[in-house]
Structure formats: C-alpha cells, structure tokens
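Subject: Structure for your review

Dear colleague,

Please find below the structure that I am handing over to you. My findings follow directly after it.

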Amino acid sequence: MLDYAQALKLALSKALEQQHWQQVKLEISSQKLQDLLTTKKTKDVRLFAQLEDIHSLRLLFLKCSFILSSNDSSGGGRG
C-alpha cells in the first residue's frame, strides 16, 4: 500500500509541474487506498505521512479527484 501511495504522490507532483493544469483526475487501482485517502486512518506512520503529503498536494489544484479503476474487482490491489 505504501508503494501505491508513493506512486500517487509522485503523479500529483508531476501534474503540478504542468502549470496550466488546474484540475486533475487520477485513476487508482486499489479500493483500500481509495478508502485511506478518504479517512486517513492508518497505524502505519510512513503511510500516514504519504497520505498527508497527498492531501497537501491535492489542495494545490482547483479540483483533484481520485477514481477507482474499473479493472480492480478484488478491492485490494497489490497491498
């Protein structure tokens, strides 16, 4: 799960480099990560730090949304 969060944070950072992008929609493949982005409840300090960073980055956009990929039927992804 930490890898997914780090990848999402990197994607948001790259999107910020595109100065004309005010709205982003990122597709994620893990229902668990989707839930964590909403609740930010985890006992893993490293994962919590990544979620906080993601939250801070998403505030820099006019609109930033995450959608669950339709190819994830298990709800768990890799982690």
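The residues that line the largest cavity are Leu37, Lys40, Leu51, Ile54, His55 and Arg58. Please bear in mind that this is a predicted model. Helix H3 is the main contributor to this lining, giving four residues. Sorted by class, the lining consists of three nonpolar residues, one polar residue and two charged residues. The volume of the largest cavity is about 40 Å³, and the count of cavities of 30 Å³ or more comes to one. As background, rolling a probe the size of a water molecule over the atoms shows where empty space is left.

One of the lining residues, Lys40, also deserves attention for its backbone. Lys40 lies in the loop between H2 and H3. Although Lys40 is not a glycine, its phi is positive, at about 55 degrees. In general, most residues other than glycine have a negative phi. Is Lys40 buried, exposed or partly exposed? The relative accessibility of Lys40 is 25%, and buried means under 20% while exposed means over 50%, so Lys40 counts as partly exposed.

I turn next to helix H1, which comprises the 16 residues 2-17. At 1.5 Å a residue, H1 should span 22 Å; the end C-alpha atoms of H1 are 23 Å apart, which agrees with that expectation. Which residues of H1 are buried? They are Leu2, Tyr4, Ala5, Leu8, Leu12 and Ala15. These residues cover an arc of only 165 degrees around the axis, and therefore they sit on the same side of H1. The general background is that an α-helix has 3.6 residues a turn, so residues three or four places apart point the same way. On the other side of H1, Leu10 and Glu17 are exposed.

What covers the buried residues of H1? The cover includes strand S1 (23-28), helix H2 (31-39), helix H3 (45-58) and strand S2 (63-68). H3 thus appears twice in this account, as part of the cover of H1 and as the element that gives the most to the lining of the largest cavity.

Finally, some remarks on the chain as a whole. The protein chain contains three helices and two strands, which run in the order α-β-α-α-β from the N terminus on. The protein chain has 79 residues, of which 33% count as buried. Among its contacts between residues at least 6 apart in sequence, 76% join residues at least 24 apart.

With kind regards

How values were computed
Residues are numbered from 1 along each chain as its sequence is written. This is a predicted model: local features need pLDDT of at least 70, side-chain atom pairs count only at pLDDT 80 or more; totals for chains, interfaces and linings use all residues. Side-chain values use heavy atoms; hydrogens and water are left out. The expected span of a helix is 1.5 Å times one less than its number of residues. Buried means under 20% relative accessible area, exposed over 50%, partly exposed in between (1.4 Å probe, protein chains only). The arc is that of the directions from the helix axis to the C-beta atoms. Contact means heavy atoms within 4.5 Å. On a 1 Å grid over the protein atoms alone, a cavity is a set of points where a 1.4 Å probe fits but cannot get out, and a pocket is an open set with protein on both sides within 12 Å along at least five of seven lines; lining residues have an atom within 4 Å of a point. Grid points are joined across faces, edges and corners, and a volume is the space filled by probe spheres set on the points. Ala, Val, Leu, Ile, Met, Phe, Trp, Tyr, Cys and Pro count as nonpolar, Asp, Glu, Lys and Arg as charged, and the others, Gly among them, as polar.
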